[in-house]
Amino acid sequence: MTKAEIYWLAGILEGEGCFLLAESRANGRVYVHPRAELSMADKDVVQRVAVLMQTTVRAQKQKGHYKRMYKTTLYSLRAAALMERLLPIFGIRRRKQITKVLQEWRRLKAKPWGKRNKGFV
């Protein structure tokens, strides 16, 4: 990514993005992983973010009279790498949130089972 793309992406994710420690279940176990996602009605913006994050865009089911929403999500190691790369650009609140997510993920990485992500979702 170019410097301009990094700053553009940081701006969009600062305002509209979500950074969290998510859980997924497989084979009776619960795994935790960092997740960075963007969900908004502007398909072109979500598509540009997806290109930069090398992800796909999913159209979410339209609810009632609301506009259709589009979503792109980055998981696990790639999400953590993006968070670390954008961390210095973000404001104080986002930096605290992302730092907390990454610290908890690193702490739990060796123990990927159990519900240990309360307070992050």
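The loop between α2 and β3 (58–59) is a good place to start, and Q54 is found there. Phi of Q54 is positive, near 55 degrees, and the residue is not a glycine. At 64% relative accessibility, Q54 counts as exposed, because exposed here means over 50%. Please keep in mind as you look around that this is a predicted model.

**Backbone angles worth a look**

- Most residues other than glycine have a negative phi.
- S76 has a positive phi of about 55 degrees, and this residue is not a glycine either.
- You will find S76 in helix α3, where its relative accessible area of 28% makes it partly exposed.

**The overall build**

- Four helices and four strands make up the list of elements in the protein.
- Reading from the N terminus, their order is α-β-β-α-β-β-α-α.
- The protein is as compact as a globular protein of its length, because its radius of gyration of 15 Å is close to the 14 Å that the globule rule gives for 121 residues.
- A box of roughly 40 × 35 × 25 Å, taken along the principal axes, holds the C-alpha atoms.
- If you count contacts between residues at least 6 apart in sequence, 59% of them join residues at least 24 apart.

**Surface and charge**

- Of the 121 residues in the protein, 37% are buried.
- The exposed area comes to about 7,500 Å², and carbon and sulfur atoms supply 52% of it.
- Positive side chains number 26 and negative ones 9.
- The centres of these two sets of charges lie 7 Å apart.

**The nonpolar core**

- The largest nonpolar core has 29 residues, and the members that touch the most others are L9, L13, L82, M83 and L86.
- Several helices supply at least two residues each to this core, namely α1 (3–16), α2 (43–53), α3 (76–86) and α4 (92–108).
- The strands β1 (17–26), β2 (29–40) and β4 (70–75) also supply at least two residues each.
- M83 is a handy residue to follow through the core: beyond its neighbours within four places in sequence, it is in contact with F19, L20, P34, R35, A36, I98, V101 and L102.

**Two charged residues to visit**

- Is K71 buried or exposed? With a relative accessible area of 18%, K71 is buried, because the cut-off for buried is under 20%.
- K71 has its place in strand β4.
- Leaving aside neighbours within four places in sequence, the contacts of K71 include E37, L38 and S39, as well as V46.
- Further contacts of K71 include T56, V57, R58 and Q60.
- E84 sits in helix α3 and is partly exposed, with a relative accessible area of 38%.
- Which residues does E84 touch, not counting those up to four places away in sequence? They are L102 and R106.
- E84 and R95 are 11 residues apart in sequence, and their C-alpha atoms are 9.5 Å apart in space.

**Where to look again**

- For helix α3, try selecting S76 and E84 in turn.
- L102 is worth a second look, as a contact of M83 and also of E84.

Notes. Residues numbered from 1 in each chain as written. Predicted model: local features only at pLDDT ≥ 70, side-chain atom pairs only at ≥ 80, totals over all residues. Heavy atoms only, no water. Rg over C-alpha atoms; globule rule 2.2 N^0.38 Å. Buried < 20%, exposed > 50% of the residue type's maximum accessible area, 1.4 Å probe, protein only. Contact = heavy atoms within 4.5 Å. Areas by Shrake-Rupley, 256 points an atom, 1.4 Å probe, with all protein chains shown as cover. Lys, Arg positive; Asp, Glu negative; His and termini not counted. Charge placed at Lys NZ, Arg CZ, Asp CG, Glu CD. Core = buried A, V, L, I, M, F, W, Y, C linked by side-chain atoms within 4.5 Å.
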